[in-house]
Amino acid sequence: MGKYNKGILGPFMGKVGTVVGSIWNGVHYLRSLGDYVDNPTTAQLNARAKVSLMVPFLADMKSIINIGWLSQQKKGLTAMNAASSYHLKNAVTGVAPNYLVDYPVVEISRGELEGAIDPEVASAAGHEVDFSWTPNTGMEYGEPTDLAVLLVYCPDLNKFVSYRQIARSVGAYSMTLPASFVGSQAHCWIAFFSADNKLASDSTYVGMVSVVA
């Protein structure tokens with residue numbers, strides 16, 4: 001694969017004959033068209049199934065991943081790339097072709113900030129989910145002004161709801177979910193981002209709740 005700035009015709013994306021143009025992290029690349037695989041192996045089919053499951057799942061929380069996994073970003077590897085690599089290796093369960101997301105293993109962020117202490121979650125009337133945590137003080141890595149990142153996911157609806165406006169020092173927040181969540185189960189995570197969104201904590205899977213009216 002070759003890297004270029006301004007080819008004969010300038011940068012392009014797509015396929016021209018046996019050459020494919022693409023862009024990665026703002027850099028244009030040329031590569032030859034790979035050999036067509038008429039009969040993919042079982043391993044290839046399984047890998048594709050895992051990607052088809054996990055990549056859309058992570059893409060739906062891209063705004064959180066881009067901050068939460070920023071500390072894992074390296075040259076040529078975006079935060080989303082790092083998160084995808086981890087989750088494809090660790091957060092897929094089940095037997096092919098019936099793969100499932102292993103929600104307790106999902107990490108919406110990784111970083112050096114202090115994580116949540118004694119986090120809890122409970123369902124409440126009015127399709128609410130009550131989050132709580134100990135508003136720790138005297139932290140070596142973290143501030144009371146860090147913002148709690150609260151994330152709820154409903155597999156039945158394939159829908160995320162998140163909130164990022166509550167300071168670590170508050171210690172609790174009641175999140176109102178859409179009425180469509182009622183009667184379904186939802187998975188919950190908590191993490192912390194610094195007020196300037198430059199630092200993140202490791203996330204914690206808090207548990208699953210049944211959403212009630």
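In the predicted model, Arg168 occupies the loop that links β10 (159–167) to β11 (172–176). Arg168 has a relative accessible area of 0% and is therefore classed as buried. Its side chain reaches the backbone oxygen of Glu114 at 3.0 Å. When neighbours within four places in sequence are left aside, the contacts of Arg168 include Leu113, Glu114 and Gly115. Trp133, Pro135, Asn136 and Met139 are also among the residues in contact with Arg168, as are Gly142, Glu143, Pro144, Asp146 and Phe192.

Trp133, one of these contacts of Arg168, also takes part in the alternating pattern of β8 (128–134). Along this strand, Val129, Phe131 and Trp133 point to one face and are buried. The side chains of Glu128, Asp130, Ser132 and Thr134 point to the other face and are not buried. Strand β8 pairs with β7 (117–124) in the antiparallel sense, over 6 bridges. Within this pairing, Asp130 of β8 stands opposite Ala122. The two strands form a hairpin with 3 residues between them, and Gly126 in the turn has a positive phi of about 85 degrees. His127 lies in the loop between β7 and β8 as well, and its phi is near 45 degrees, a positive value in a residue other than glycine. Strand β8 also pairs with β11 in the antiparallel sense, over 5 bridges. In that pairing, Val129 stands opposite Met175 of β11.

The protein chain as a whole has 3 helices and 13 strands. Of its 213 residues, 35% are buried. The chain exposes about 11900 Å², of which carbon and sulfur atoms supply 53%. Among contacts between residues at least 6 apart in sequence, 61% join residues at least 24 apart.

Nonpolar side chains tend to be buried together in soluble globular proteins. In this model, the largest nonpolar core contains 28 residues, and Phe57, Met61, Val106 and Ile108 touch the most other members. At least two residues of this core come from each of α1 (42–59), α2 (62–68), α3, β6, β9 (147–154) and β12 (185–193). Helix α3 gives the most, with 5 residues. Beyond its neighbours within four places in sequence, Met61 is in contact with Val106, Ile108, Leu151 and Phe160. A second, separate core has 21 residues, including Ala116, Val129, Val152 and Val206. Val129 in this second core is also one of the buried residues on one face of β8.

Helix α3 covers residues 79–90. At 1.5 Å a residue, its 12 residues should span 16 Å, and the end C-alpha atoms are 17 Å apart, which agrees. The buried residues of α3 are Ala79, Met80, Asn81, Ala82, Ala83, Ser84, Tyr86 and His87. Thr78 is located in the loop between α2 and α3. With a relative accessible area of 22%, Thr78 is partly exposed, because the buried class requires a value under 20%. Thr78 and Asn66 are 12 residues apart in sequence, and their C-alpha atoms are 8.1 Å apart in space.

Strands β5 (92–95) and β6 (98–101) pair in the antiparallel sense over 4 bridges. They form a hairpin with 2 residues between them, and Val95 has Asn98 in β6 as its bridge partner. Ala96 and Pro97 both lie in the loop between these strands. A cis peptide bond joins Ala96 and Pro97, with omega about 0 degrees. Ala96 counts as partly exposed, at 31% relative accessibility. Although Ala96 and Leu45 are 51 residues apart along the chain, their C-alpha atoms are separated by 9.0 Å.

Most residues other than glycine have a negative phi, and most peptide bonds are trans. Asn158, in the loop between β9 and β10, has a positive phi near 50 degrees. At 44% relative accessibility, Asn158 counts as partly exposed.

Methods: Residues are numbered from 1 along each chain as its sequence is written. This is a predicted model: local features need pLDDT of at least 70, side-chain atom pairs count only at pLDDT 80 or more; totals for chains, interfaces and linings use all residues. Side-chain values use heavy atoms; hydrogens and water are left out. Buried means under 20% relative accessible area, exposed over 50%, partly exposed in between (1.4 Å probe, protein chains only). The expected span of a helix is 1.5 Å times one less than its number of residues. A nonpolar core is a set of buried Ala, Val, Leu, Ile, Met, Phe, Trp, Tyr and Cys residues joined through side-chain atoms within 4.5 Å. Contact means heavy atoms within 4.5 Å. A polar contact is a pair of N or O atoms within 3.5 Å; within protein, one must be able to donate a hydrogen and the other to accept it, and residues adjacent in sequence count only if both atoms are side-chain atoms. Accessible areas come from the Shrake-Rupley method with a 1.4 Å probe; for residues, only the protein chains shown count as cover. Two strands pair if DSSP finds at least two bridges between them.
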